[in-house]
Amino acid sequence: MVLLAAVGAGLLVGLALGSLHIYRYATNSPFFATKTVNITGNVRLQRDTVLDLTGVHPGDNSLAVSIAGMEKSISQSPWVEEVSVKRILPDRFDIRLKERSPWFWVRQEGLLYYADEFGRPIAPVESANFMSLPALEIQTGAEDLLPNVKKYVAELKGNAIPVDYAAISWIRLSPGKGVEVYVESRDIHLSIAPVDWSANVNRLGVVLGDLARRNELSLVREVRAADGNVWVIRKS
């Protein structure tokens, strides 16, 4: 029994030493040197930026790289919503990203930020990543409208109203007027009550279309849809 125990212990030690030797050999072998890093899903993040976040360089041993560490490092970018990294032996990594989509500009602590569909800041607006978007303002007392902003924008982008979404300078959530929109190209202010939202949008679209056919949009300062009615306020 003692002899068997000694033999077993010797085998275990031998296997451990052998495994350690194989691991050391593999993690230093040029056969596993990184040659390719494929990146998909990046729209706003440049490839070089993602590579810098990974910390992986050509020639690095692929077995010595921590997949969890790579994913954690890439996730530190404010633009990254989801990331997965797959090691393809002997010399490749596949990185798949899902980026956060900017819908608005929002002002926070004196700085302008890109924000997602719920008005949550993503990253500062900079010349290197500039994208023109409507500014979003949330007035005190209108916070309960914020969860529906995505729905509001979807209908504003649709065909319900004859307004190019790209021409909208700002969207304001107001406790008094609901969703306020300023169309810079027309110099016109629109406001839509959130109660019975879709019907209000359709009514607004009908009135705007009628004003456009009569070439009277340039005379209008504000159009408001609420409570089943539409009010048109002309410029003084």
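How close do the axes of helix H2 (residues 47–54) and helix H3 (residues 67–75) come, and at what angle do they cross? They come within 8 Å and cross at roughly 130°.

**Before selecting anything**

This is a predicted model, in which local features need pLDDT of at least 70 and side-chain atom pairs count only at pLDDT 80 or more, while totals for chains, interfaces and linings use all residues. Residues are numbered from 1 along each chain as its sequence is written, and side-chain values use heavy atoms, with hydrogens and water left out.

**Whole chain**

Show the chain as a cartoon: there are 5 helices and 12 strands. Helices (H or I, at least four residues) and strands (E, at least two) are DSSP runs, numbered from the N terminus. Of the 236 residues, 38% are buried; buried means under 20% relative accessible area, exposed over 50%, and partly exposed in between, with a 1.4 Å probe and protein chains only. Switch to a surface, and the chain exposes about 13900 Å², of which carbon and sulfur atoms supply 55%. Accessible areas come from the Shrake-Rupley method with a 1.4 Å probe, and for residues only the protein chains shown count as cover.

**Stop 1: H2 and H3**

Select residues 47–54 and 67–75, the two helices of the opening question. The axes are lines fitted to C-alpha atoms, for helices over the stretch in contact, with angles running from 0 to 180 degrees between N-to-C directions. The crossing angle makes H2 oblique to H3; angles under 35 degrees count as roughly parallel, over 145 as roughly antiparallel, 65 to 115 as roughly perpendicular, and the rest as oblique. The crossing of H2 past H3 is right-handed, meaning that the near helix is turned clockwise from the far one by less than a right angle (anticlockwise would be left-handed).

Now show side chains. Val50, Leu53 and Thr54 of H2 meet Met70, Ser73 and Ile74 of H3, where contact means heavy atoms within 4.5 Å. By class this contact has 4 nonpolar, 2 polar and no charged residues. Ala, Val, Leu, Ile, Met, Phe, Trp, Tyr, Cys and Pro count as nonpolar, Asp, Glu, Lys and Arg as charged, and the others, Gly among them, as polar.

Pick Ser73 in H3. Apart from neighbours within four places in sequence, Ser73 is in contact with Leu53 and Thr54. The C-alpha atoms of Ser73 and Asp52 are 9.5 Å apart, with their positions 21 residues apart in sequence.

**Stop 2: the loop between H2 and H3**

Is Ser62, in this loop, buried or exposed? Ser62 is buried, at 0% relative accessible area. Its contacts, not counting residues up to four places away, are Phe32, Thr34, Arg87, Leu89, Pro90, Asp91 and Phe93.

His57 belongs to the loop between H2 and H3 too, but is partly exposed at 48% relative accessibility. Draw a distance from the C-alpha of His57 to that of Thr36, 21 residues away along the chain: 9.4 Å.

**Stop 3: strand E10**

Go to residues 188–192 and pick Ser191. Ser191 is buried, with 0% relative accessible area. Beyond four places in sequence, Ser191 touches Lys177, Val179, Glu180, Glu222, Val223, Arg224 and Ala225.

**Stop 4: H4 and H5**

Finish with H4 (residues 149–157) and H5 (residues 197–213), whose axes come within 11 Å and cross at roughly 25°. That makes H4 roughly parallel to H5. Lys151, Tyr152 and Glu155 of H4 make the contact with Trp197, Ser198 and Val201 of H5. By class it has 3 nonpolar, 1 polar and 2 charged residues.
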